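Visitor: Hi! Could you walk me through this structure before I get back to the bench?
Guide: Happy to. Let's have a look together.

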Amino acid sequence: METVNPPVAVKKQTLTAKAIIHQKYGTKACYKIEEVEEQLSSNVLCPGLTLPQKGPSLFRCFLQLPDISVVSEPCKKKKDAQQSAAQLALTKLGIDSQSSTPTDAVDELVSRLTYMFSNEFLSSLHPLSGHLKAVLRREDKRCGLLPLYAVISCDPKLVNLCKSIDARVESNPLLSIPIVKEAVARLSELVISEEELWIKRKEPYPSDVIPSLDNQESDITNGAVTVTKAVYIPTSLDKDVASLSMNMCSEVYYLDIIAQELGVVDASKVLISRTIGKASSEMRLYYSALEGKNLISDPEFHNTKDVSSDSSFNVRASYLLGQHVYGNVILASLGYTWRGAELFHEDVSVRSYFRMLVGKTPDGLFKLSRDAILAADLPLLFTTKTNWKGSLPRDLVCAFCRQHRMSEPEFTLVCNSSKSDKESLKSENGQTSVEIETFRCSIKIFSKNQELILEYFPEESFKKQGDSMQNASLKVLLWFNMYFKQSNADLEKLSLSSGSNELKCNLTSIVKELYFCQLMHDAQQSRDVIGGRKRNREPQSDLINKNLRIEGAESGSSPSIGSIVSLSYTVYLVSEGTEMRELLEKNDEFEFEVGTGAVISNIESAVTQMSVGQSICFYMGLPSKEFILASAVEYERVLSLLSSSPCCLEYTASLLQVTEPFEDRMEQALFSPPLSKQRLEFAMQYIKEFSAASLIDFGCGSGSLLDSLIDIPSSLEKIIGVDLSQKGLVRAAKIINSKLEKLKTVMPTSRIDSVILYDGSITEYDSRLYGYDVGACLEVIEHMEEEQAWLFGDVALGLFRPKLLVVSTPNYEYNVIMQKSNLATQEEDMDEKSGTQSCKFRNHDHKFEWTRQQFNQWATALALRHNYSVEFGGVGGDGSEPGYASQIAVFSTRNGPSVKVSGPTVEVDHHYKTVWEWNAATNNPAE
């Protein structure tokens, strides 16, 4: 891994088009979003495709202003459509959105403050008007004194203006205090206190405005007291985070109540953080301005100060907020909102606090997305989107950046056209290279100031764009996860840990950006305390050393690598001395993919020893305290149990269901090249040697064989694909069409003149496909019932009558090798005729899998019946016992009549529906 030190790029603060519209029109600007149902012509996506295709979801925005109305162009995102409409409106109004300067922003700020203390504003639904009404209800000398930080925290527009004046406000909100003070000093109608941090009107509000306040009181009315739960975060790590109950009533300003809990004089001494968590949340940190270091806005003071020895530094609150916080802190969800005049209040539990801590790490974010903190782990592998459970890696990367107030990550897809020796084939005119499109996704992570701190560019490429993006995202998450677990490691050791040059990072910048994470990590390592004493995580008794207890009868359906398992589980905190227990986590149906590291190792180890219907019980030592308390519903009881005696975790789980791994993934893991590719190469070799001019792919699926045939020089002129899956046929059409469009350029000697894809069953006859040179049916018949497989053989050889037919199907006898089974240890379930043993099918969709003898009997009987000769071969392995992994029969015509199956007259049977058709003369008229 290389370390780079890119130059710092300061992010320029500019107002968006929508923000400018809001400045000028406020609530008079009406945005309306409409989803655009774009029905693309089939020919747009794939010429010749007869099935209609839905285009991507798009959005159009209608913006109505007092003077004009505009409509945006369709956009992929709703917010982009709104910004597009706002920009169109600015253009139409002749307003330059880039003309704002810091001087303009100062003037706007002064104007904004004037409006905030106007009579009109007092009756609005702005959150700050709620604060104004509350301080006007005070009956002492503090009546009308509005805390300065309430002004700053409640108005996003004011904050954006401060950022336009000084970009450093983005990372240090305290810098907005002197900016607001200077703006207020320019207003003769306002008074500001330098020491007390409050603002008030010089002249009182008119008497006709004040009475209206009585009609807009909060839901805490008539002096009734409402208890609101909050979380108290003490500075000292020797003290536990605790639940705090605050009595709210309409007669007392809620910030005065918080000030009392913090031990300060009044609300003007309370600092209010930005919202934490969801954007719509009112959850904030409240802390004291009397702690003088909280008001020091100079970053150099904090950067050069060793806070580890500062007893007033609150490492837990600082980690949560991402900036230095001193003194005791209250975490609460209450305040005035845009939704109404009432005071919003919502209980915050200690469990919520610990879940917020857990969600600061990539692993924690994944655990929370699965709602399985004590069971799930961030996977080490991404196989398919279907098998991945929980939030996708890309979404987790974005959430991680937002958690740490970094800029949105940048994802860049790169399309690669690779030329490998296996695709480089000789034609009549010499060497011809076939280009295969694959994708790689690079990711850039930026600091809040747009400084590049990490870049990942993978060497591995993928056939699907989504797979490349998710795999790259997972690699970035795993690196950050490693950083969090080893944040006290030296930089050189961390640099070497990636083991490749794919990931480059500015570790100095990362340490700076995640500074509080390291402080929190060091604090936890130095003193992992519960109830004032250090907790020992090592096993304390024989409970943990007990063997796994598996209960229930063996059903034979056990998971293997790649299986999707479903289980129910419970986790209890167990006191080893008193046998007291508390439920921590319960899940009635939890799914994960075996072999990817998606669960803690103890669960995966236990599950792989079970079969469906069995249950298991095992014990573990304690994980991090944050994980335990983030799971605990009864915080006080769990904390008491942890503090009173040595504890461990008791896991009980029942295996509900096992879904076998996809066959192709299992084959790719065991064979090189993959078994699917070996089958294609086997079939293509016969096609080439036969000098075939026409071919039918029975059960073509997504067109892997047809796709491969287009890549190689051959004598083929006409190619047909037949399948029942319209979805697969559409996918095949798009892939094949993209290659055929370039065919004459990359392979001038190609003779392919026509390609047609039909929707139909291969057990039904269509006379248009009679007498083709070659037919292929690769790994299809096992997806039918056995009688349907016999019917297909009769229809293919008796009616379609290809000169050559290649059929492959799994060799059931080879499954013991693929599934790493051992015949000597399995239950005896021998078939007297074949001498084989019961084993799992390779795919849950397989209706049957034949032994070599069963396949030989099927193929030989069909060959005799329809006057064909048959040869047997296979791919996967060397052919010795127990044969090839995929067994293959090659049927060739003999001279003489065949026994045709009964059915309608051959000449009039047209059962198939054309889905897509390509013709060289039509699609290449210039040729």
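**A chat about the chain**

Visitor: How many helices and strands does the chain have?
Guide: The secondary structure comes to 31 helices and 35 strands. Keep in mind that this is a predicted model.

Visitor: What share of the residues count as buried?
Guide: That would be 52% of the 927 residues of the chain.

Visitor: And what about the area the chain exposes?
Guide: The chain exposes about 42,800 Å², and carbon and sulfur atoms supply 49% of that area.

Visitor: What about contacts between residues at least 6 apart in sequence: what percentage join residues at least 24 apart?
Guide: For those contacts, the figure is 70%.

Visitor: Let's change topic to strand β30. Why is it largely enclosed by the rest of the structure?
Guide: Strand β30 covers residues 754–759, and six of its six residues are buried, so the rest of the structure largely encloses it.

Visitor: Which residues sit on each side of β30?
Guide: One side has S754, I756 and Y758, while V755, L757 and D759 are on the other. They are all buried, so to speak of the faces, both are covered.

Visitor: Which way does strand β29 run relative to β30, parallel or antiparallel?
Guide: Parallel: six bridges join β29, residues 718–723, to β30. Among the partners, I719 is matched with V755 in β30.

Visitor: And how do β30 and β35 run?
Guide: Those two are antiparallel, with six bridges joining β30 to β35, which spans residues 913–919. There, I756 has E917 of β35 as its bridge partner.

Key: Residues numbered from 1 in each chain as written. Predicted model: local features only at pLDDT ≥ 70, side-chain atom pairs only at ≥ 80, totals over all residues. Heavy atoms only, no water. Helix = DSSP H or I, 4+ residues; strand = E, 2+ residues; numbered from the N terminus. Buried < 20%, exposed > 50% of the residue type's maximum accessible area, 1.4 Å probe, protein only. Contact = heavy atoms within 4.5 Å. Areas by Shrake-Rupley, 256 points an atom, 1.4 Å probe, with all protein chains shown as cover. Pairing = 2+ DSSP bridges.
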